[in-house]
Amino acid sequence: MASIFYAFIILIFVAVVLAFEGLYLWWNSRHGASARRIESRIRALSAGDPVQQEHSTILKRRTLRDANAFEKLVMSVPQLRPLDSLIQQSGLHWSVARLVGMSCAIPLVVFAATLFTRAPLALSAAGSLVMGAMPYLYVTYVRSKRLDKLQRQLPDAADTISRALRAGHSFPSAIGIVSTEFAEPTAGEFRITFEEINYGVPLNEALSNLVKRVPIRDLPYFVIAVLIQRETGGNLAEVLDGIASLIRERYKLFDKVRVLAAEGKMSAWVLGLLPFVTAAAMMALNPKFLAVLWEDPAGLKLIGVLAVMMVSGIFWMRQIIRIRV
């Protein structure tokens, strides 16, 4: 009996280990790094050239094949499809359904939390709607940071391609070198272009897809230089060196302007946040002191006038300190 008992314990242990191993393999195949990389490539290709409708349709079907009903419903709305490109450009491993779901769930949670406070119902509803935009603003912020990093890495990528061309490599091979030897996120975007060329996509269309996936200012000049060189000939390496030098000089000037505008930006942040911080402190110390603002009709009118003046002032200061180079 003892041997049977021990054998039973060992079999249960093996079954539990195999069950956990099976769960891990299933999770890794659906949500692991390799699965996320493949899904990111498919979504990047599907968000590329809209001219190739047939290939885009196949890729999007492949992306949504295992999607649930809510994801399919969200992606069926034409107005929400640009969010897919926005998420792809941000580099986040989100889906449109997740972004929409978070934007709908956060206002409900915030509104339910504010019901336990003494804040007026209209103010709670307005604050909840503002909080609902936070996921979209976060994606936009991450997208701007990623595109700025791509913009700053572009001169080094152009130099790498130029050196590869001087060493005797072809242009597609030079793109492959950037995709393997360069840092992210530039390496990932050029890797997609390199794979498109290997899969038979013409070079012109592959570079056009790169411009559509990465909407930064200087990348079209890089692509136009390559396309013109293919049509007319010339020394592409020298052209790329000139583009890289021009981008670097422009960024030097931009950094100088940013330093000079730093004081104005700090003043804008302080003036914009000071009323809210002061109101929050007063609400915490003496809630009845500010209650007159939403209990008295004149107070509501004052809040409306102040809100309009603050919004106009914020936009005015933004236009002053936003200098394009």
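These legends walk through several close-up views of a predicted model.

**View 1. The whole chain is a bundle of helices with no strands counted in it: 16 helices and 0 strands.** Start here to get your bearings. The chain has 325 residues, and 30% of them count as buried. Its accessible surface comes to about 21,000 Å², with 68% of that belonging to carbon and sulfur atoms. If you look at contacts with a separation of 6 or more, 60% of them are between residues 24 or more positions apart.

**View 2. Confidence varies along the chain, from helix α3 at the low end to helix α8 at the high end.** Averaged over the chain, pLDDT is 79, and 82% of the residues score at least 70. Helix α3 (residues 53-63) has a mean of just 41, while helix α8 (residues 134-166) reaches 91. Over residues 46-66, pLDDT stays under 50. The model has 24 contacts beyond four places in sequence for that stretch. A word of caution for this view: where pLDDT is low, the predicted coordinates should not be read in detail.

**View 3. The largest nonpolar core brings together 29 residues.** Which residues have the most contacts inside it? They are I161, F171, F190, L219 and F222. Several helices chip in with two or more residues: α8, α9 (171-181), α10 (186-198), α11, α12 (219-232) and α13 (236-260). Helix α8 gives the largest share, 6 residues. Apart from this core lies another one, made of 10 residues, including L83, L86, V100 and V139.

**View 4. L219 is one of the residues with the most contacts inside the largest core.** Leaving out residues up to four places away in sequence, L219 touches L154, L210, V211 and V214. One of those partners, L210, is a buried residue of helix α11.

**View 5. Three phenylalanines, F171, F190 and F222, are linked by ring pairs into a cluster.** The whole structure holds 4 aromatic pairs, and this close-up shows two that share F222. F171 and F222 make a tilted pair, 6.5 Å centre to centre with 35 degrees between the planes. F171 sits in helix α9 and F222 in helix α12, so their pair ties together parts that are 51 residues apart in sequence. How do F190 and F222 pair up, and what is the angle between the planes? Their pair is edge-to-face, with 6.3 Å centre to centre and 75 degrees between the planes. This one also links distant parts of the chain, with F190 in helix α10 and F222 in helix α12, 32 residues apart. Are these rings buried or exposed? Both F190 and F222 are buried. F222 has 1% relative accessibility, and F171, at 9%, counts as buried too.

**View 6. Helix α11 (residues 203-213) has six residues to look for: L203, A206, L207, N209, L210 and R213, which are buried.** They cover an arc of only 155 degrees around the axis, which puts them on the same side of α11. The spacing helps you see how that works: an α-helix has 3.6 residues a turn, so residues three or four places apart point the same way.

**View 7. A cis peptide bond joins E184 and P185.** Omega for this bond is about 5 degrees. To find the spot, look in the loop between α9 and α10, where P185 lies.

**View 8. Q151 is a buried residue in helix α8.** Its relative accessible area is 5%. What does Q151 touch, once residues up to four places away in sequence are set aside? The answer is I216, R217, D218, I247, R250 and Y251. You can also pick out V214 here: its C-alpha atom and that of Q151 are separated by 9.3 Å, though the two residues are 63 apart along the chain.

**View 9. D156 is also found in helix α8, but this residue is partly exposed.** The relative accessible area of D156 is 37%. With its neighbours within four places in sequence left aside, D156 is in contact with F182 and R248. The C-alpha atoms of D156 and F182 are separated by 8.9 Å, and the two residues are 26 apart along the chain.

Key: Residues numbered from 1 in each chain as written. Predicted model: local features only at pLDDT ≥ 70, side-chain atom pairs only at ≥ 80, totals over all residues. Heavy atoms only, no water. Buried < 20%, exposed > 50% of the residue type's maximum accessible area, 1.4 Å probe, protein only. Helix = DSSP H or I, 4+ residues; strand = E, 2+ residues; numbered from the N terminus. Arc of directions from axis to C-beta. pLDDT = per-residue confidence, 0-100. Contact = heavy atoms within 4.5 Å. Areas by Shrake-Rupley, 256 points an atom, 1.4 Å probe, with all protein chains shown as cover. Core = buried A, V, L, I, M, F, W, Y, C linked by side-chain atoms within 4.5 Å. Phe/Tyr/Trp six-rings, centres within 6.5 Å; stacked < 30°, edge-to-face > 60°.
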